[in-house]
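Here's a quick briefing to read with the structure open beside you. Take a moment to turn the model around, then follow the topics below.

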Amino acid sequence: MFSRIARPAAHGLVRGLSTSSQASARVAVLGASGGIGQPLSLLLKNSPLISNLALYDIAHTPGVAADLSHIETRAKVTGYMGPDQLPESLKGAEVVVIPAGVPRKPGMTRDDLFNTNASIVATLSDACAKHCPEAMICIISNPVNSTIPITSEVFKKHGVYNPNHIFGVTTLDIVRANTFVAELKGLDPARVNVPVIGGHAGKTIIPLISQCTPKVEFPQNQLEVLIGRIQEAGTEVVKAKAGAGSATLSMAYAGARFVFSLLDAMNGKEGVIECSFVRSEETECPYFSTPLLLGKNGIEKNLGLGKITSFEEKLVADAMSELKGSIKKGEEFIKSHK
Ligand SMILES: NC(=O)c1ccc[n+]([C@@H]2O[C@H](COP(=O)([O-])OP(=O)(O)OC[C@H]3O[C@@H](n4cnc5c(N)ncnc54)[C@H](O)[C@@H]3O)[C@@H](O)[C@H]2O)c1
């Protein structure tokens with residue numbers, strides 16, 4: 001039996017960047033020149049799991065690719081710029097990571113990004129559905145609660161939809177929860193694992209502190225402050241950056257952690273578990289994040305919510321209406337754009 005809260009064993013970041021295993025994955029990053037795209041591509045370039053790294057953006061990719069290509073690791077880096085080169089960037093891709101789109105400025109919610117990012121994600125998903133329909137698609141672009149339904153609808157339109165291959169990257173919420181719990185309890189953050197379920201915006205971010213390993217306990221008032229901080233941690237960074245964007249470096253780390261877990265699982269490693277916002281039947285919401293057992297074909301098994309406290313049940317109930325609204329908004333965006 002797999003523990004549903006096991007921490008990914010060797011994602012190659014916490015334990016150093018080189019692992020003994022080598023593989024030959026072809027990975028594409030769409031939005032590779034951005035605040036997230038560049039450090040994410042750097043971390044991916046360092047991985048022995050990747051043989052080809054294709055970097056696509058509407059600007060600056062020749063420079064980013066030339067720069068990264070001088071690093072003494074085996075991944076061959078190629079740069080592609082502008083829509084004409086998008087199909088070529090996706091050729092043979094097994095994993096596509098998408099951090100393309102505008103980030104928040106102070107005072108904005110993730111949903112305020114919808115108007116710009118919905119079209120960007122729809123265009124890029126359309127290209128993926130045409131040129132690498134079998135690839136694992138990892139969406140970082142916000143609002144994730146809407147961009148995953150958008151990607152899913154685009155793949156459905158092309159008749160190539162596989163819900164086990166489409167992931168909303170919520171790993172940063174887990175990374176933050178692990179860090180904040182470790183700080184409060186004086187633990188090594190690398191050994192803490194807090195599953196975070198629901199979605200990726202405000203109160204839809206639901207950390208399951210009751211399922212944390214190692215087991216931790218907080219008085220109710222401290223628990224509520226901790227959960228509030230995890231839910232608003234993105235805004236903490238947006239405010240601190242004062243107009244210069246949102247989380248980029250910690251997001252690059254989180255994105256790389258998710259991709260390495262996925263590649264490990266695709267290479268046959270057993271027991272790899274990550275939370276991600278995916279098509280789901282675990283609640284009344286058609287998309288929901290829960291711990292997932294990953295395998296050669298993406299999602300092997302949804303491990304569900306597990307045993308949660310009555311307080312956590314209330315957090316789930318409180319998130320439903322916002323989550324369903326964001327999902328519907330994404331689905332309708334595609335349905336109304338023939
Ligand atoms: N999932 C998460 O936890 C999480 C965390 C932080 C940020 N984000 C989101 O990630 C996205 C990117 O953030 P960032 O800080 O890197 O932004 P950024 O503005 O620094 O970079 C975005 C990049 O996307 C590129 N781009 C724009 N339109 C494109 C298109 N049509 N095709 C390809 N590339 C295109 C831009 O040229 C730019 O290089 C934002 O939507 C942000 O909200 C998600």
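Let's begin at the ligand: one of its oxygen atoms has a backbone N or O atom of Gly 34 lying 3.2 Å away. Keep in mind that you're looking at a predicted model. From the ligand we'll move on to His 200, and then to a couple of helices.

**Around the ligand**

- Asp 57 uses its side chain here: an N or O atom in that side chain is 2.6 Å from an oxygen atom of the ligand.
- With Ile 140 it's the backbone that matters, since one of its N or O atoms there sits 3.1 Å from a nitrogen atom of the ligand.
- How much of the ligand's accessible area does the protein cover? On its own the ligand has 870 Å² of accessible area, and the protein covers 85% of that.
- In total, 27 residues surround the ligand, and the closest are Gly 35, Ile 36, Asp 57, Ile 140 and His 200.

**His 200**

- You've just met His 200 as one of the residues closest to the ligand. UniProt also places an "active site" feature at His 200, although the entry is unreviewed.
- To find His 200, look in the loop between β7 (196-198) and β8 (205-207).
- Is His 200 buried or exposed? His 200 has a relative accessible area of 8%, and the cut-off for buried is under 20%, so His 200 counts as buried.
- If you skip the neighbours within four places in sequence, the residues in contact with His 200 are Arg 110, Asn 142, Val 144, Asn 145, Thr 170, Asp 173 and Ile 205.
- Arg 110 deserves an extra look, as its side chain makes a polar contact of 3.4 Å with the side chain of His 200.

**Helix α2**

- Helix α2 runs over residues 61-69, and its buried residues are Thr 61, Val 64, Ala 65 and Leu 68.
- Why are these four on the same side of α2? It's because they cover an arc of only 95 degrees around the axis.
- Here's the general idea: an α-helix has 3.6 residues a turn, so residues three or four places apart point the same way.
- The buried residues of α2 pack against α1 (37-45), β2 (50-57) and β3 (76-81).

**Helix α8**

- Over in helix α8 (residues 233-241), you'll find Ala 233, Gly 234, Thr 235 and Val 238 buried.
- Among the elements covering those buried residues of α8 are α6 (171-185) and α7 (220-231).
- Right after α8 comes Ala 242, which has a positive phi, near 45 degrees.

Definitions and conventions. Residues are numbered from 1 along each chain as its sequence is written. This is a predicted model: local features need pLDDT of at least 70, side-chain atom pairs count only at pLDDT 80 or more; totals for chains, interfaces and linings use all residues. Side-chain values use heavy atoms; hydrogens and water are left out. Buried means under 20% relative accessible area, exposed over 50%, partly exposed in between (1.4 Å probe, protein chains only). Helices (H or I, at least four residues) and strands (E, at least two) are DSSP runs, numbered from the N terminus. The arc is that of the directions from the helix axis to the C-beta atoms. Contact means heavy atoms within 4.5 Å. UniProt positions are given in the numbering used here, feature names are shortened, and annotations may be inferred rather than shown by experiment. A polar contact is a pair of N or O atoms within 3.5 Å; within protein, one must be able to donate a hydrogen and the other to accept it, and residues adjacent in sequence count only if both atoms are side-chain atoms. A residue is near a molecule or strand if one of its heavy atoms lies within 4 Å of it. Accessible areas come from the Shrake-Rupley method with a 1.4 Å probe; for residues, only the protein chains shown count as cover.
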